[in-house]
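Student: Please take one charged residue and look at it closely. Then work outward from there to the rest of the fold.

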Amino acid sequence: MKFSPTKLPFTIYLGSGSAENLLICNQILRNLPEKRLVCSGTWQQKPVLVKLFLDSRNAQRHWSRENSGVELLKHAGICTPDLLFSGQLDNGTPVLVFELLEDAETALDQWNNLVSMDQK
């Protein structure tokens, strides 16, 4: 699964090449070369977070684990962004598309914003 965009924005199609399946990636948020690419973009006029699993030997397993993890979080009542698409690109690259939470903070961000050790 060779996927290496050279400039932004770049486009990919989820499923067929129709306009409704066009996803535009505007910003790379995380790049683990030849393993995973995470970017923000737009799909069906909605802001999205896209995870492309690129490791030719382990992509399917990693995609499956993450896909299952989302379902387990929802089943447990833990708030998580909506999974809007789960599947493969035409070239076989597994992909997950989530709603983009605009002002989301990571656990590390929250930790770093705490002032005292008692809060931490």
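Tutor: Arginine 30 touches Arg36, Leu37 and Val38, not counting residues up to four places away in sequence (contact: heavy atoms within 4.5 Å). This is a predicted model, where local features need pLDDT of at least 70, side-chain atom pairs count only at pLDDT 80 or more, and totals for chains, interfaces and linings use all residues. Residues are numbered from 1 along each chain as its sequence is written, and side-chain values use heavy atoms, with hydrogens and water left out.

Arginine 30 sits in strand 2 (strands are DSSP runs of E, at least two residues; helices are runs of H or I, at least four; both are numbered from the N terminus). Is arginine 30 buried, exposed or partly exposed? Its relative accessible area is 48%, so arginine 30 is partly exposed. The classes are buried under 20%, exposed over 50% and partly exposed in between, with a 1.4 Å probe and protein chains only. Leucine 89 is 59 residues from arginine 30 in sequence and 19 Å away, C-alpha to C-alpha.

Past strand 2, the loop to strand 3 holds glutamate 34. Its phi is near 60°, a positive value in a residue other than glycine. Glutamate 34 is exposed, with a relative accessible area of 57%. The loop between strand 3 and strand 4 holds glutamine 45. Glutamine 45 also has a positive phi, about 65°, and is not a glycine. Its relative accessible area is 79%, so glutamine 45 is exposed. Most residues other than glycine have a negative phi, and most peptide bonds are trans. One peptide bond here is cis: leucine 8 to proline 9, with omega near -10°. Proline 9 lies in the segment before strand 1.

Arg36, a contact of arginine 30, leads to glutamate 66. The side chains of glutamate 66 and arginine 36 make a polar contact at 3.3 Å. A polar contact is a pair of N or O atoms within 3.5 Å; within protein, one must be able to donate a hydrogen and the other to accept it, and residues adjacent in sequence count only if both atoms are side-chain atoms. Glutamate 66 belongs to helix 1, residues 59–75. Its side chain makes a polar contact with the side chain of lysine 51 too, at 2.3 Å. Leaving aside neighbours within four places in sequence, glutamate 66 is in contact with Arg36, Lys51, Phe53, Leu96 and Phe98.

Lysine 51 is in strand 4. At 15% relative accessibility, lysine 51 counts as buried. Beyond four places in sequence, its contacts are Arg36, Leu37, Val38, Glu66, Pro94, Val95, Leu96 and Phe98. Arg36, Leu37 and Val38 are also touched by arginine 30.

Valine 95 leads into the core. Neighbours within four places aside, valine 95 is in contact with residues including Leu14, Val50, Lys51, Leu52, Trp63 and Phe85. The largest nonpolar core has 16 residues, and those with the most contacts inside it are Leu14, Leu23, Trp43, Val50, Leu52, Val95 and Val97. Strand 1 (10–13), strand 2 (22–32), strand 3 (36–43), strand 4 (46–53) and strand 6 (94–99) each give two or more residues to this core. A nonpolar core is a set of buried Ala, Val, Leu, Ile, Met, Phe, Trp, Tyr and Cys residues joined through side-chain atoms within 4.5 Å. Another core, of 9 residues, lies apart from the largest; Val38, Leu49, Ala59 and Trp63 are among its members.

Lysine 51 appears again at the largest pocket. The volume of this pocket is about 580 Å³ (grid points joined across faces, edges and corners; the volume is the space filled by probe spheres set on the points). Of its 23 lining residues, Leu49, Lys51, Pro81, Leu101 and Ala104 are closest to its centre. On a 1 Å grid over the protein atoms alone, a pocket is an open set of points where a 1.4 Å probe fits, with protein on both sides within 12 Å along at least five of seven lines; lining residues have an atom within 4 Å of a point. Strands 2, 3, 4 and 6, helix 1 and helix 2 (107–113) each supply at least two lining residues.

The overall pattern along the sequence is β-β-β-β-α-β-β-α. Of the 120 residues, 33% count as buried.
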